[in-house]
Amino acid sequence: MKKLILSIIIISLSAMVYASHNPKIEITPESWDFGIATEIKTLTHKFQIKNAGDDTLKIKHITTSCDCVVVAIPFRKLYPNEIIELVVKFDLKQIKAKGKIKRDIIIETDDPENRFKIISLFVEL
């Protein structure tokens, strides 16, 4: 009986240790509204990506919902508490629609609670 209880305790502690060592992505801000565009040009904004977890965060893939949005990131591995800058360029010359426009950036990571993080961009043409 003591061996069974000891085994349960060891398994429980192992699960807690495993669960507590995960990467965690945080993006600031999570969206950006450029407001009303007075000129058709390329708009730029910088986002901060932070690994708020206690294990290395890996950015696996970044896609955008439109070729009009281009992103630049210095590297794709963030150590715990590390912050990097994601530079976004939004080329309005490629957009034919008028009115309120929304485009997304999809970031795939190894964060077990947030595998896909979406940043939304807004502008009114």
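The link between Cys 66 and Cys 68 is right-handed, with 135° about the S-S bond, and in this predicted model the two sulfur atoms of that disulfide lie 2.3 Å apart. A search of the whole structure finds one disulfide, and both of its partners, Cys 66 and Cys 68, are buried.

From Cys 68 we can move to a charged residue that touches it, Asp 91, which is found in strand 7, the run of residues 83–91. Leaving aside residues up to four places away in sequence, Asp 91 touches Lys 41 and Thr 42 as well as Cys 68. Which side chain of opposite charge is nearest to Asp 91? That side chain belongs to Lys 93, at a distance of 4.2 Å, and Asp 91, although buried, has no salt bridge. The reason lies in the cut-off, because a salt bridge requires the side-chain nitrogen and the carboxyl oxygen to be within 4 Å. The side chain of Asp 91 does, however, reach the backbone nitrogen of Lys 93, at 3.1 Å.

Elsewhere such pairs do form. Side chains of opposite charge can pair when their charged atoms come close, and in this structure the count comes to six salt bridges. One of them joins Asp 33 to Lys 100, with the closest N and O atoms 2.8 Å apart. This pair links distant parts of the chain, since Asp 33 belongs to strand 2 (residues 31–36) and Lys 100 to strand 8 (residues 100–109), 67 residues apart. Asp 33 itself counts as partly exposed, at 39% relative accessibility.

Another salt bridge brings together the side chains of Lys 58 and Asp 110, at 3.7 Å from N to O. Because Lys 58 lies in strand 4 (residues 57–64) and Asp 110 in the loop between strand 8 and strand 9 (116–124), the pair ties together parts that are 52 residues apart in sequence. Both partners are partly exposed, Lys 58 with a relative accessible area of 35% and Asp 110 with one of 23%. Among the six salt bridges there is also the pair of Glu 108 and Arg 115, whose closest N and O atoms are 2.8 Å apart. Here the partners fall into separate classes, for Glu 108 counts as buried at 16% relative accessibility, whereas Arg 115 is partly exposed at 45%.

Several of the strands just named belong to a sheet. Strands of a sheet pair through backbone hydrogen bonds, either parallel or antiparallel. In this model an open sheet of five strands has the order 2-9-8-4-6, and its pairing is mixed. Strand 2 and strand 6 (77–78) stand at the edges with a single partner strand each, so one side of each is left without a neighbour in the sheet. Strand 2 and strand 9 run parallel and are joined by four bridges, and Trp 32 stands opposite Leu 121 of strand 9.

Two loops deserve a careful look at their backbone. In the loop between strand 1 (25–28) and strand 2 lies Pro 29, and the peptide bond that leads from Thr 28 to Pro 29 is cis, with omega near -15°. In the loop between strand 6 and strand 7 lies Asn 81, whose phi is near 70°, a positive value in a residue other than glycine. Is Asn 81 buried or exposed? With a relative accessible area of 52%, Asn 81 is exposed, because residues over 50% are placed in that class.

Key:
Residues numbered from 1 in each chain as written. Predicted model: local features only at pLDDT ≥ 70, side-chain atom pairs only at ≥ 80, totals over all residues. Heavy atoms only, no water. Buried < 20%, exposed > 50% of the residue type's maximum accessible area, 1.4 Å probe, protein only. Lys, Arg positive; Asp, Glu negative; His and termini not counted. Polar contact = N/O pair within 3.5 Å; in protein donor to acceptor, adjacent residues only side chain to side chain. Contact = heavy atoms within 4.5 Å. Pairing = 2+ DSSP bridges. Disulfide = S-S within 2.5 Å.
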